[in-house]
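Q: Please take a close look at one strand of this model and the pairings it makes. Please then follow the connections outward into the rest of the fold, giving the evidence for each step.

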Amino acid sequence: MSKENKVDCGRRRLLVATAAVGGVGAVATLVPFVSSMLPSERAKAAGAPVEVDISKLEPGQMMTVEWRGKPVWIINRTKEMLATLPKLDGAVLDPKSEKPQQPTYCTNEHRSIKPEYLVAIGICTHLGCSPGSKFKSGTEEGMPGEWLGGFLCPCHGSTFDLAGRVFKSKPAPLNLEVPPHMYLSDTRLMIGEDKKGA
């Protein structure tokens, strides 16, 4: 056997061992890096649909739940509250909800699937304040003449009616957002998912 064809077995073992250790080290380094790019369980839960029991929500009352880190208001509107909506068409900025702030199945006078229940994200469309604590179910002293109940954003004074429609000449440029939702039964509501895939 010539010198060129002679194999140094010790050197070969050293190279194989070095390559193996380097490969293991590369995999060990990549695993945490790749797993850090995957969403955490907390992040997955934050985007997951929320199921809500509305059986105890009395007419005229509002409840707040959290979905994707945002407050979602659910209001059981009375017949009297619903009767105020057509009266305000001339006072609100987008009376027919033509701007896409709601799924298509909620593009109607009451901005909801069932007229009595409003489901809306409780964040003002101006600068992101939450006017939820200022929910009023009827007329109130000190409010504009057209005020028949709704929401007042304490940050800059935007007002919304009981369908989440913003009044004209207010800082907020859009109606409150209506999230995708569906009814699982008469007393169970799913927020963040619907059969239509909206």
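A: Two strands are said to pair when DSSP finds at least two bridges between them. The model is a predicted one, and in it β1 and β8 satisfy that criterion, running antiparallel over 4 bridges. One of the residue pairs can be named: V52 has L189 of β8 as its bridge partner. On the β7 side, β8 is again in an antiparallel arrangement, here with 3 bridges. Y183 stands opposite L189 in this pairing, the residue that also partners V52. β7 and β8 form a hairpin, with 4 residues between the two strands. Strand β8 thus has antiparallel pairings with β1 and with β7.

The side chains add a further link between β1 and β8. R188 and D53 form a salt bridge in which the closest N and O atoms are 3.8 Å apart. Because R188 belongs to strand β8 (residues 188–191) and D53 to strand β1 (residues 50–53), the salt bridge ties together parts of the chain that are 135 residues apart in sequence. Neither partner falls in the buried class: R188 is partly exposed at 27% relative accessible area, and D53 is partly exposed at 36%.

The wider fold places these strands in context. The chain contains 3 helices and 8 strands, and their order along the sequence is α-α-β-β-β-α-β-β-β-β-β. Of its 198 residues, 35% are buried. Among contacts with a separation of 6 or more, 57% are between residues 24 or more positions apart.

The salt bridge of R188 and D53 belongs to a total of 6 in the model. Another group of salt bridges centres its description on D89. R165 and D89 form one, with the closest N and O atoms 2.8 Å apart. This pair also connects distant parts of the chain, since R165 lies in the loop between β6 (159–160) and β7 (181–183) and D89 in the loop between α3 (79–84) and β4 (117–121), 76 residues apart. Through shared partners, salt bridges join D89, K96, D161 and R165 into one network. Within that network, D89 also forms a salt bridge with K96, where the closest N and O atoms are 3.8 Å apart. The accessibility of these residues varies: R165 is buried at 0%, D89 is partly exposed at 22%, and K96 is exposed at 52%.

The interior can be approached through the nonpolar cores. The largest has 15 residues, of which I75, L118, C124, F151, F160, A172 and L176 touch the most other members. The elements that supply two or more residues to this core are β3 (70–76) and β4. L176 has contacts beyond its close sequence neighbours with W73, Q101, R111, A120, I121, I123, C124, T125, F151, F160 and G164. A second, separate core holds 14 residues, including V50, V65, I74 and Y117.

T125, one of the contacts of L176, is located in the loop between β4 and β5 (151–152). A polar atom of the T125 side chain lies 2.6 Å from the backbone oxygen of L174. Leaving aside residues up to four places away in sequence, T125 touches Q101, F160, A172, P173, L174, N175 and L176. Of these, Q101 and F160 are in contact with T125 and also with L176, while F160, A172 and L176 are among the members of the largest core named above.

The cysteines complete the picture of the interior. The model has 0 disulfides. C153 is in none, and the nearest cysteine sulfur, that of C124, is 3.9 Å away; the cut-off for a disulfide is a pair of sulfur atoms within 2.5 Å, so this pair does not qualify. C153 is buried, with a relative accessible area of 3%, and C106 is buried at 0%. C124 itself is one of the members of the largest core that touch the most others, and L176 is among its contacts.

In summary, β8 pairs with β1 over 4 bridges and with β7 over 3, and the salt bridge between R188 and D53 adds a side-chain link between β8 and β1.

Methods. Residues numbered from 1 in each chain as written. Predicted model: local features only at pLDDT ≥ 70, side-chain atom pairs only at ≥ 80, totals over all residues. Heavy atoms only, no water. Salt bridge = Lys/Arg side-chain N within 4 Å of Asp/Glu carboxyl O. Buried < 20%, exposed > 50% of the residue type's maximum accessible area, 1.4 Å probe, protein only. Polar contact = N/O pair within 3.5 Å; in protein donor to acceptor, adjacent residues only side chain to side chain. Contact = heavy atoms within 4.5 Å. Core = buried A, V, L, I, M, F, W, Y, C linked by side-chain atoms within 4.5 Å.
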